[in-house]
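Subject: Handover of a structure and a summary of the findings

Dear colleague,

Please find below the structure that I am handing over to you. I should be grateful if you would look through it before reading the notes underneath.

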Amino acid sequence: LVAALEREGEREAERDECERERDVALEDRQSVEKQREEAERAKVEALELVAVLRLQVQTMDESAMEKMQEWEGIRGRMEEQREEREREREEWDMQREKEKETVEEKMQVQMEEQRRGV
């Protein structure tokens, strides 16, 4: 009877040990599955972040291109204005030269008239 009880106790101890090992294995599996799910979520979040960053870079690139075109337009208008001012300055210089020549001619005519005693 005692031997039977001891064997029963040993079997119960083995069963308990098996259950503990099974519980530990189950916990390990659940832990691995949880880590896998967390890794998958992190991967999805990273991919979403990459997509957002790419969109931001694309938007920045488009904005930079728009700004560059805008600056090129401004630069072109400034160049046109500079050329216009240069033309106006040349016209003004030519007008001044003509006026100077006209004044010199009038003075010459006056000097001629004074010499002739008119």
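The notes below go from the overall form to the charges, the salt bridges and a few single residues.

Overall form

Please keep in mind that this is a predicted model. The secondary structure of the protein consists of one helix and zero strands. That helix, α1, covers residues 2-116, and the protein has 118 residues. Along the principal axes, the C-alpha atoms fill a box of roughly 170 × 15 × 10 Å. The radius of gyration of the protein is 50 Å, whereas a compact globule of 118 residues would have a value near 13 Å.

How much of the protein is buried? Buried residues account for 0% of the 118 residues. A residue counts as buried when its relative accessible area is under 20%. The accessible surface of the protein is about 11400 Å², and 53% of that surface belongs to carbon and sulfur atoms.

Charges

The protein carries 24 positive and 39 negative charges. The mean positions of these two groups of charges are 5 Å apart. On the surface there is also a patch of negative charge, in which Glu88, Glu90, Glu91, Asp93, Glu97, Glu101, Glu104 and Glu105 gather. One of these residues, Glu97, lies in helix α1 and has a relative accessible area of 40%. Glu97 is therefore partly exposed, as this value falls between the limits of 20% and 50%.

Salt bridges

Side chains of opposite charge can pair when their charged atoms come close. How many salt bridges are found in the whole structure? A search of the whole structure gives 10 salt bridges. Three of the pairs are described here, followed by a network.

The side chain of Arg22 meets that of Asp23 in a salt bridge, with a distance of 3.5 Å from N to O. Arg22 counts as exposed, at 52% relative accessibility, while Asp23 is partly exposed, with a relative accessible area of 36%.

A second salt bridge joins the side chains of Glu84 and Arg87, at 2.7 Å from N to O. Because Glu84 and Arg87 are three residues apart in helix α1, about one helical turn separates them. Glu84 is partly exposed at 34% relative accessible area, and Arg87 is partly exposed at 41%.

In a further salt bridge, Arg96 pairs with Glu99, and the closest N and O atoms are 3.3 Å apart. Arg96 and Glu99 both lie in helix α1, three residues apart, which is about one turn of the helix. Arg96 is partly exposed, with a relative accessible area of 46%, and Glu99 is partly exposed at 35% relative accessibility. Salt bridges can also share partners: Glu8, Arg11 and Arg15 are joined in this way into one network.

Distances along the helix

Two residues may help you to follow the course of the chain. Ala42 is found in helix α1 and counts as partly exposed, at 42% relative accessibility. The C-alpha atom of Ala42 is separated by 50 Å from that of Glu8, and these two residues are 34 residues apart along the chain. Glu8 also belongs to the network with Arg11 and Arg15.

Val44 likewise lies in helix α1. Val44 is partly exposed, with a relative accessible area of 36%. How far is the C-alpha atom of Val44 from that of Leu1, and what is the separation of the two residues along the chain? The two C-alpha atoms are separated by 63 Å, and the residues are 43 apart along the chain.

To locate these features in the view, you may wish to begin with helix α1 at residues 2-116 and then turn to the pair Glu84 and Arg87.

Yours sincerely,

A colleague

Key: Residues numbered from 1 in each chain as written. Predicted model: local features only at pLDDT ≥ 70, side-chain atom pairs only at ≥ 80, totals over all residues. Heavy atoms only, no water. Helix = DSSP H or I, 4+ residues; strand = E, 2+ residues; numbered from the N terminus. Rg over C-alpha atoms; globule rule 2.2 N^0.38 Å. Buried < 20%, exposed > 50% of the residue type's maximum accessible area, 1.4 Å probe, protein only. Areas by Shrake-Rupley, 256 points an atom, 1.4 Å probe, with all protein chains shown as cover. Lys, Arg positive; Asp, Glu negative; His and termini not counted. Charge placed at Lys NZ, Arg CZ, Asp CG, Glu CD. Patch = residues over 30% accessible without salt bridge, like charges linked within 9 Å, V, L, I, M, F, W, Y side chains within 5 Å. Salt bridge = Lys/Arg side-chain N within 4 Å of Asp/Glu carboxyl O.
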